[in-house]
Amino acid sequence: MKHGFTLIELLVVIAIVGLLSTIVVASVSRVRQTAMITKTNAEINQFIKLATLAQGESGRALGNITGSGCSDCGCRARDIRNIPTSDSCYIQWVNILNLTKTASLNMLPGIEKMYRDPWGSPYCLDENEGEYAGAVDTFRSVGPDGTWGTGDDISYYIPRSGKYP
């Protein structure tokens, strides 16, 4: 009496293991992507709180705090994932973060760690006050593809603080 597995039995086991590993890898990938989106939403909400505090404490519009009407204009039309810290888009974002934090009187600790979104891109701010009727400031992560203005961007409007005209 011989003991062992036939070739068919081995192939069936290999196929089942392959199928199960594919399902696990796909599930882990989806969970990771969901976690990154959740982290991005939390960080964007933190910056919106910071911007609202800064506007209220300084009595100035966000564009006056940052000194720009379009801080993210240099970040558009290109992939900004993992750009070097010497890139103007990255430098502009760090300056915005520091200026906004200072204008808020440093009331929101931990915000200085928001140098990049979970996909490696600096966050983007477009200060729109006064550009046209109803213009609002927009804050965004360019999302997984690293490119501004595509369908995977995560974007929010920043409300004006009631403490400035």
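Which residue in E2 is the bridge partner of Leu-125? In E2, Leu-125 has Phe-139 as its bridge partner, and the legends below place this pair in its surroundings.

The structure is a predicted model, in which local features need pLDDT of at least 70 and side-chain atom pairs count only at pLDDT 80 or more, while totals for chains, interfaces and linings use all residues. Residues are numbered from 1 along each chain as its sequence is written, and side-chain values use heavy atoms, with hydrogens and water left out.

**View 1. The open sheet of three strands and the helix that packs on it.** The strands follow the order E1-E2-E3 with antiparallel pairing; helices (H or I, at least four residues) and strands (E, at least two) are DSSP runs, numbered from the N terminus. Strand E1 (124-126) and strand E3 (154-158) are the edge strands, each pairing on one side only, and the twist from one strand to the next averages 20°. H1 packs on the sheet, where it touches E1, E2 and E3, and its direction makes about 20° with that of E3; axes are lines fitted to C-alpha atoms, for helices over the stretch in contact, and angles run from 0 to 180 degrees between N-to-C directions. E1 and strand E2 (residues 137-141) pair in the antiparallel sense over three bridges, two strands being paired if DSSP finds at least two bridges between them.

**View 2. Glu-43 in helix H1.** Glu-43 lies in helix H1, which covers residues 7-58, and counts as buried because its relative accessibility is 13%, where buried means under 20% relative accessible area, exposed over 50% and partly exposed in between (1.4 Å probe, protein chains only). Leaving aside neighbours within four places in sequence, Glu-43 is in contact (heavy atoms within 4.5 Å) with Met-114, Arg-116, Asp-117, Pro-118 and Tyr-123.

**View 3. Two residues with positive phi, Asn-82 and Leu-105.** Most residues other than glycine have a negative phi. Asn-82, although not a glycine, has a positive phi of about 55°; Asn-82 sits in the loop between helix H2 (62-66) and helix H3 (88-103) and is exposed, with a relative accessible area of 59%. Leu-105, found in the loop between H3 and E1, has a positive phi near 65° and counts as exposed because its relative accessibility is 56%.

**View 4. Ile-16 in helix H1.** Ile-16 has its place in helix H1 and counts as partly exposed, at 48% relative accessibility.
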